[in-house]
Amino acid sequence: MTPGTLYLCATSRLAQSLRQANDAATERWRTPAALTLAQWQTQMAEEILLSGRATLLPALTAESEQLLWEVVLAQAIGGEASAELFDLSGLAAEAMAAHALATHWQLPAPHAASPESRAFAAWQQDFLNQCTKLQRLPQVNQLQSLVELLQAGYGSLPQHIVLAGFDRFTPLEERLFAAFSARGCTVERQELSAGSTGSVTHQPCADSLAECHAAVAWAQKQLQANPQARLGIVAPDLSRVRTPLIRLLDATLHPASLRPDAVDMPRSYNISLGEPLAQQPLIATALSLLRLLGRTTPHIAQADLSPLLLGSFWAGDDSEADARAQGEARMRRQLPATPQWASVFHSLAAAGASRSAHALRATMTAAQALPRRQLPSQWAQHLPALLKTTGWPGERTLTSVEFQVQQAFLALCYELGQFDALLGPLSFSTALQRLADLCRRRLFQPQTRGEPHIQILGVLESAGLHFDALWVMGLNDELWPPPARPNPLLPIASQQAAGCARASAAVELAFARKVHARLLGAAPLVTLSWASSDGNRILRPSPLLDPDCAASPVASDHILTPATSRAASRPHERIHDAKAPPLASGELLEGGSGVLKAQALCPAWAFYRYRLAAAALETPVDGLDASLRGTLVHSALQHFWLATKDQGSLLAQNDAARQAAIAEAIHLALADFEQAGNFSLPAEFRQLECERLQRLLHRWLTVETERPCAFSVLACEQEKVLAVGNLRIRVVIDRVDQLADGSLAVLDYKTGPVDTKSWLADRISEPQLPLYAAFGDCAMETVSFARVVLDEPGFSGISAQPERLAKVPAVSAATNKSYAQAGLTTWEAVINHWQRSIGELASEIEHGAAAVVLNDANDLRYCDVLPLLRLAERQRLWQESCAPAR
């Protein structure tokens with residue numbers, strides 16, 4: 001490299017590569033001056049401004065330029081209300097691109113233009129007028145002004161300029177280079193045409209994911225053969241394969257990065273395509289905190305709050321992580337989908353996450369104390385201050401990448417503060433939306449030290465770079481050459497006549513051929529790959545591929561990770577997982593009769609749910625779901641019978657007294673419900689629920705008055721611990737009645753469908769009433785569900801004697817054919833059957849029976865540990881075992 005030479009590079013990657021190049025023949029060397037055209041433009045503009053000899057307006061940043069376009073378009077469309085009907089951001093991006101395209105390619109003003117072009121011409125004039133008011137220039141217009149200033153003799157230039165890595169030049173750039181030459185500067189253009197192409201291999205792959213596997217496996221083999229090799233992976237559509245490539249490269253080359261403490265460890269690869277700053281977890285958390293805590297409503301959606309409570313980067317994220325998770329689960333169980341903030345704070349404090357609760361409350365208070373409308377520069381100071389109140393960015397020390405993310409975000413806050421003249425006073429929500437827009441548009445790429453062995457690039461970013469081996473992927477005909485996409489806001493004929501980028505298929509074909517030839521000469525070993533299919537869609541290779549080059553067999557390479565290596569080096573071991581540890585002596589299982597029900601339907605369900613206490617998180621709803629409505633019915637009936645006591649007292653009530661007793665029972669039930677959940681139902685909803693319960697209980701108590709045998713209520717919601725063999729089960733019995741003949745009846749309230757058929761089965765799937773009747777401390781001679789519903793309420797069960805409950809048959813009744821067919825013709829036989837069936841289920845639980853065995857998959861529709869049963873995997877293994885040998 002010649003000293004005193006300026007290298008103007010097409011990409012920042014090439015500029016960085018030139019600056020890091022060294023001279024092997026000398027111990028010391030001068031770092032070459034290598035800049036992108038945009039970097040040189042910034043330096044030259046600063047030099048001219050500092051000299052004071054000429055006037056040159058500063059340039060808008062890309063983010064501020066798009067923001068200005070959005071403001072201009074919103075006004076042109078008819079204000080913010082009308083603009084909401086449009087994709088304003090997308091339209092602004094197209095208008096910004098059209099302005100740059102027209103200026104770079106020196107397109108003539110349209111004459112008989114389309115309606116879109118005429119509209120754009122008006123928008124463009126408004127945009128330039130706004131730039132004049134702001135004393136700013138778009139980037140492309142500043143470059144145009146720089147050309148004129150250079151032609152007039154302003155600015156200092158080196159004697160020699162090398163143009164490196166450019167696949168094509170625009171007319172405006174040609175004017176710039178002509179100005180260089182007119183000033184006596186020697187301009188050298190480095191040709192990117194292919195030299196002697198090396199070995200080229202064609203590699204078809206099954207699909208895009210298989211193509212990523214093949215490319216990563218290739219890179220792994222290349223580095224194993226030569227750890228110092230410089231490798232390149234190039235893709236025309238890099239955004240599509242970015243995520244799978246990163247995942248596979250980490251699993252292959254950096255498995256330790258899966259550990260939380262090594263997530264930012266140095267990588268041997270670098271990807272040229274960054275991600276939007278808003279997608280970084282640190283910034284996503286910051287924006288979510290501001291979005292939630294800046295609201296003035298007293299309610300918050302749990303769906304918005306839960307990710308914050310389970311995430312990091314704010315107060316208590318380390319010290320209160322477990323407490324936060326417990327508080328979040330508690331809120332799911334006890335609070336509606338949109339609870340009040342006060343209930344949220346109480347739930348967090350009760351779970352032990354007081355620091356998190358205090359940070360949320362303090363930030364809300366600080367946000368509400370701010371003026372409703374402020375200038376962007378004021379919001380640029382207050383928004384970071386609010387984040388600091390939340391404890392952002394968290395308790396632990398940030399990693400290097402996280403620190404870079406934080407600094408990029410704070411720089412965007414400062415940039416927001418430069419928009420005072422453009423935007424004027426903004427509300428909190430609007431200011432936050434503007435900041436979020438800036439974060440979405442700003443691409444973040446972590447700084448890398450040195451030059452990684454593997455460069456993952458788009459086709460444009462690869463210009464001027466050379467490698468020891470190169471893999472070019474995604475070479476399907478729909479991607480390469482790229483499809484034409486002329487700008488819709490400019491006359492297409494003008495774009496095609498000027499040869500603008502993306503203007504026509506012919507332009508893109510010529511460009512792709514040039515780039516393709518350049519890629520073939522970028523390394524001595526070049527592999528060109530494509531996907532053969534995309535789901536059910538057949539894909540074709542690019543027409544630019546040499547048809548005379550023989551294609552290798554379809555790649556089936558699999559990456560070699562530590563996990564796959566260990567799996568391949570050891571024989572497979574089969575472990576029978578149908579046996580769990582036996583139950584400890586005297587162990588009490590929570591869940592009541594539910595453990596017996598789950599054991600009857602699927603033993604593995606019972607083991608995971610009740611032995612391991614695995615449970616799905618509940619989904620909160622506004623109002624009351626069916627389960628909570630049923631709980632209120634139970635509670636209201638409990639309070640009613642605690643006051644009324646028996647059927648005689650019920651019959652003695654006139655209609656007004658009964659309605660009053662029902663209303664009092666409902667009031668007490670709702671009070672208990674709100675106290676248990678530490679929240680208050682909205683007044684309107686409470687009134688509706690009272691009316692529903694009033695109708696339901698009045699309808700049910702009418703059924704109670706018509707019972708053929710008088711009764712008195714002995715117990716409501718009675719808790720018992722029953723012993724079934726060595727298994728101890730805690731149950732809650734809804735109600736126990738003593739009938740006029742002295743016998744006892746046990747009732748279980750149901751507000752949904754009931755099933756008594758399983759009482760005759762060997763594995764009883766509705767065991768609660770049989771459990772209490774067979775193993776309770778009192779002899780029960782009537783067991784029945786009480787269907788508390790508006791439509792056909794009544795009883796469903798079995799009794800030792802007839803006429804004890806309406807429509808509940810006796811065991812010995814001639815019409816009771818189902819019990820007779822099962823050989824259960826006496827009450828003693830029924831009790832014995834229940835004792836045997838439930839005893840066998842209890843014995844299975846005690847001895848650890850935990851197999852995935854079921855009669856019908858529909859029996860598991862309410863199973864909340866269904867993913868742990870792995871039914872699909874077991875079905876596949878069963879099918880493989882039954883398949884005939886070939």
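**Close-up views of a predicted model**

**Figure 1. The surroundings of His516.** His516 touches five leucine and tryptophan residues in this predicted model: Leu475, Trp480, Leu528, Leu544 and Leu545, with residues up to four places away in sequence left out. His516 itself sits in helix H21, which spans residues 505-520. Is His516 buried or exposed? Its relative accessibility is 8%, so it counts as buried. The cut-off for buried is under 20%.

**Figure 2. The cis peptide bond before Pro481.** Trp480, one of the contacts of His516, leads into a proline. The bond from Trp480 to Pro481 is cis, and its omega is near 5 degrees. Most peptide bonds are trans. Where does Pro481 lie? Pro481 is in the loop that links strand S13 (469-472) and helix H20 (492-498).

**Figure 3. The cis peptide bond before Pro393.** Here the bond runs from Trp392 to Pro393. It is cis, with omega near 15 degrees. Pro393 is placed in the loop between helix H16 (376-389) and helix H17 (400-416). Trp392 is also among the residues that Phe409 touches.

**Figure 4. The largest nonpolar core.** This core holds 81 residues. Which of them touch the most other members? They are Leu277, Ile283, Trp341 and Phe409. Helix H11 (residues 281-293) gives the most to this core, a total of eight residues. Now take Phe409. Setting aside residues up to four places away in sequence, Phe409 touches Leu277, Ile283, Ala286, Leu287, Leu387, Trp392, Leu435 and Cys439. Another core lies apart from the largest one. This other core has 54 residues, including Leu589, Ile764, Val783 and Ile838. In soluble globular proteins, nonpolar side chains tend to be buried together.

**Figure 5. Helix H11 against helix H12.** The axes of H11 and H12 (residues 302-309) come within 11 Å. They cross at roughly 140 degrees. Why is H11 called oblique to H12? Angles over 145 degrees count as roughly antiparallel and 65 to 115 as roughly perpendicular, so the crossing falls in the oblique class. The crossing is left-handed. On the H11 side, the contact is made by Thr285, Ser288, Leu289 and Leu292. On the H12 side, it is made by Asp304, Leu305 and Leu308. By class, the contact has four nonpolar, two polar and one charged residues.

**Figure 6. Helix H23 against helix H31.** Helix H23 covers residues 594-601, and helix H31 covers residues 827-847. They pack at an angle of about 85 degrees, and their axes are 10 Å apart. H23 and H31 are therefore roughly perpendicular to each other. Which residues make the contact? H23 supplies Val595, Leu596, Gln599 and Ala600. H31 supplies Ile838, Leu841, Ala842, Glu844 and Ile845. Seven of these residues are nonpolar, one is polar and one is charged. Ile838 is also listed among the members of the 54-residue core.

**Figure 7. Positive phi at Ala613 and Glu803.** Most residues other than glycine have a negative phi. What is phi at Ala613? Phi of Ala613 is near 60 degrees, a positive value. Ala613 lies in the loop between helix H24 (603-611) and helix H25 (626-644). With a relative accessible area of 58%, Ala613 is exposed. Glu803 has a positive phi too, near 65 degrees. Glu803 is found in the loop between strand S22 (794-799) and helix H30 (817-821). At 59% relative accessibility, Glu803 counts as exposed.

**Figure 8. Val187 in strand S4.** Strand S4 spans residues 186-189 and holds Val187. Val187 has a relative accessibility of 23%, so it counts as partly exposed. What does Val187 contact beyond its neighbours within four places in sequence? The contacts are Ile161, Leu163, Phe177, Phe180 and Ser181. Tyr7 is 180 residues away from Val187 in sequence. In space, the two are 10.0 Å apart, C-alpha to C-alpha.

**Figure 9. Leu258 in a loop.** Leu258 is found between helix H10 (238-253) and strand S7 (269-271), in the loop. Is Leu258 buried or exposed? At 69% relative accessibility, Leu258 counts as exposed. Leu258 and Leu309 are 51 residues apart in sequence. Their C-alpha atoms are 23 Å apart in space.

Methods. Residues are numbered from 1 along each chain as its sequence is written. This is a predicted model: local features need pLDDT of at least 70, side-chain atom pairs count only at pLDDT 80 or more; totals for chains, interfaces and linings use all residues. Side-chain values use heavy atoms; hydrogens and water are left out. Helices (H or I, at least four residues) and strands (E, at least two) are DSSP runs, numbered from the N terminus. Buried means under 20% relative accessible area, exposed over 50%, partly exposed in between (1.4 Å probe, protein chains only). Contact means heavy atoms within 4.5 Å. A nonpolar core is a set of buried Ala, Val, Leu, Ile, Met, Phe, Trp, Tyr and Cys residues joined through side-chain atoms within 4.5 Å. Axes are lines fitted to C-alpha atoms, for helices over the stretch in contact, and angles run from 0 to 180 degrees between N-to-C directions. A crossing is left-handed if the near helix is turned anticlockwise from the far one by less than a right angle, and right-handed if clockwise. Ala, Val, Leu, Ile, Met, Phe, Trp, Tyr, Cys and Pro count as nonpolar, Asp, Glu, Lys and Arg as charged, and the others, Gly among them, as polar. Angles under 35 degrees count as roughly parallel, over 145 as roughly antiparallel, 65 to 115 as roughly perpendicular and the rest as oblique.
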